[in-house]
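Trainee: Please pick one part of this model and take me through it slowly. I would like to see how its pieces fit together.

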Amino acid sequence: MASTIHCDIVSAEGEIFSGEATMVFAKGEEGELGIAPRHAPLLTRLAPGQVRVETPEGDEKFFFVSGGMLEVQPHMVTVLADTAVRAQDLDEAAAVKAKEEAERALADRGAGMDFAQAQAQLAEAAAQLAALERLRKQLKH
Amino acid sequence: MSGSREIVGKIKSVQNTRKVTRALEMVSASKIRKAQDRMEASRPYARMMRQVIGHLAHANPEYRHPFTIEREEVKRVGYIVVATDRGLCGGLNSNLFRKVLGELQGWKEKDVAPSLVVLGRKAAQYFNRIDVPIAGAAQGLGESPRIEDLIGIIKVMLDEYRKGELDRLYVVYNDFVNTMVQQVTIDPLLPLPPATEEPMLQYWDYLYEPDAESLLDDLLTRYIESLVYQATLENLASEHAARMVAMKNASDNANNLIDDLRLAYNKARQAAITQEISEIVGGAAAV
């Protein structure tokens with residue numbers, strides 16, 4: 001029997017593949033990788049591309065990853081796939097967007113205050129009305 | 001008779017409210033399931049990630065990433081507050097905010113400045129009103145939040161931590177225990193606790209492509225992101241559970257109210273009839 005290596009492909013949003021493989025191919029940042037059982041421990045970033053898994057049954061499975069990390073231990077391969085396309089400038093843009101969002105929220109502060117005040121006033125008015133209603137009822141009896 | 005007509009109007013309005021609360025209850029009940037599935041699905045990633053980080057810590061003990069170094073002096077702390085976009089979910093958000101305020105108060109006494117990033121419209125609204133610096137915000141994540149939506153706010157915090165402007169980072173969210181119980185939870189994110197796994201028997205190290213530092217940095221960033229992502233999912237499940245319970249209570253209250261109003265209506269009706277009869281009888285006697 002051919003020896004196998006355990007392969008897990010996971011992303012933050014779910015497990016994609018888990019099972020035995022005779023060979024795993026992936027596109028590393030520094031070149032194509034072919035991982036056979038008892039490969040030396042390796043850690044690398046993945047480039048966007050295909051991960052190909054050859055199963056002991058002779059099937060080939062293809063998965064697309066938009067990047068991620070690949071860890072190799074002698075008896076297992078772990079692919080931590082990214083769900084999002086990652087790049088330094090994209091991340092930077094996301095951070096800027098989050099900051100802008102916060103500034104926008106802060107700019108709304110005046111409006112938010114008014115709204116909260118209005119809500120408080122409304123609640124007060126409603127309570128007063130309810131109290132009046134109760135008083136009127138009591139007076140009726 | 002005018003009294004009874006008023007009551008009928010009120011019964012109608014309460015019935016309409018009950019329709020709404022029932023509908024909300026059922027919608028939330030169906031969404032809990034999906035949110036729980038999503039929670040389950042996100043777990044393997046975090047587990048694998050922990051495993052790899054554990055391996056890395058053993059293989060490479062001499063290099064210590066800034067995220068793993070405990071800073072002795074704490075001058076600023078960061079909180080990632082995960083709340084909901086929508087209301088009508090009972091005390092879920094207010095409990096969370098109260099807990100955060102308590103924490104902030106505690107840090108203030110120690111002369112430590114806080115910094116917040118907020119997730120969810122409710123958190124933005126709430127923390128806008130009090131004087132806390134908000135470094136980042138995100139809202140409108142919807143039913144299936146994606147990591148992409150979180151990258152920005154997390155990066156804001158991680159960058160500050162790298163620059164030494166933050167010494168601690170926490171994430172605050174509602175942990176989904178079960179449908180009835182949601183627990184406000186504050187998890188420390190940074191500094192990362194040292195890995196506690198059984199020591200390996202022999203020395204080995206990875207082949208790194210390209211180099212250990214940048215890989216470790218990427219790994220730890222993704223690890224933090226996955227933790228915050230999980231917190232978001234937990235909070236989402238909690239939101240639906242809390243809304244379901246709150247809406248069920250509202251429907252029950254509406255039922256009670258309708259019962260009371262029916263009783264009042266019947267009494268008013270009977271009183272009117274009695275009065276009419278006695279008037280007729282009185283009239284007949286007078287003739």
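Mentor: Gladly! Contact here means heavy atoms within 4.5 Å. In chain A, for instance, 46% of the contacts between residues at least 6 apart in sequence join residues at least 24 apart. This is a predicted model, where local features need pLDDT of at least 70, side-chain atom pairs count only at pLDDT 80 or more, and totals for chains, interfaces and linings use all residues. Residues are numbered from 1 along each chain, chains are lettered from A and ligands numbered from 1 as written, and side-chain values use heavy atoms, without hydrogens or water.

Now to our part, in chain B. Five strands (DSSP runs of E, at least two residues, numbered from the N terminus) form an open sheet with mixed pairing, in the order E3-E2-E1-E4-E5. Two strands pair if DSSP finds at least two bridges between them. Strands E3 (134-138) and E5 (182-190) of chain B are at the edges with a single partner strand each, so one side of each has no neighbour in the sheet. On average, neighbouring strands are turned by 20 degrees against each other, direction ignored.

Look next at E2 (residues 113-119) of chain B: four bridges join this strand to E3(B), and the two run parallel. Here Leu119(B) stands opposite Ala138(B).

Helices (DSSP runs of H or I, at least four residues) join in too. Helix H2 (residues 92-109) of chain B packs on the sheet, touching E1, E2, E4 and E5 of chain B, and its direction makes about 180 degrees with that of E1(B). Such angles run from 0 to 180 degrees between N-to-C directions, with axes fitted to C-alpha atoms, for helices over the stretch in contact. Helix H3 (residues 121-129) of chain B lies across E1, E2 and E3 of chain B, at about 150 degrees to E2(B).
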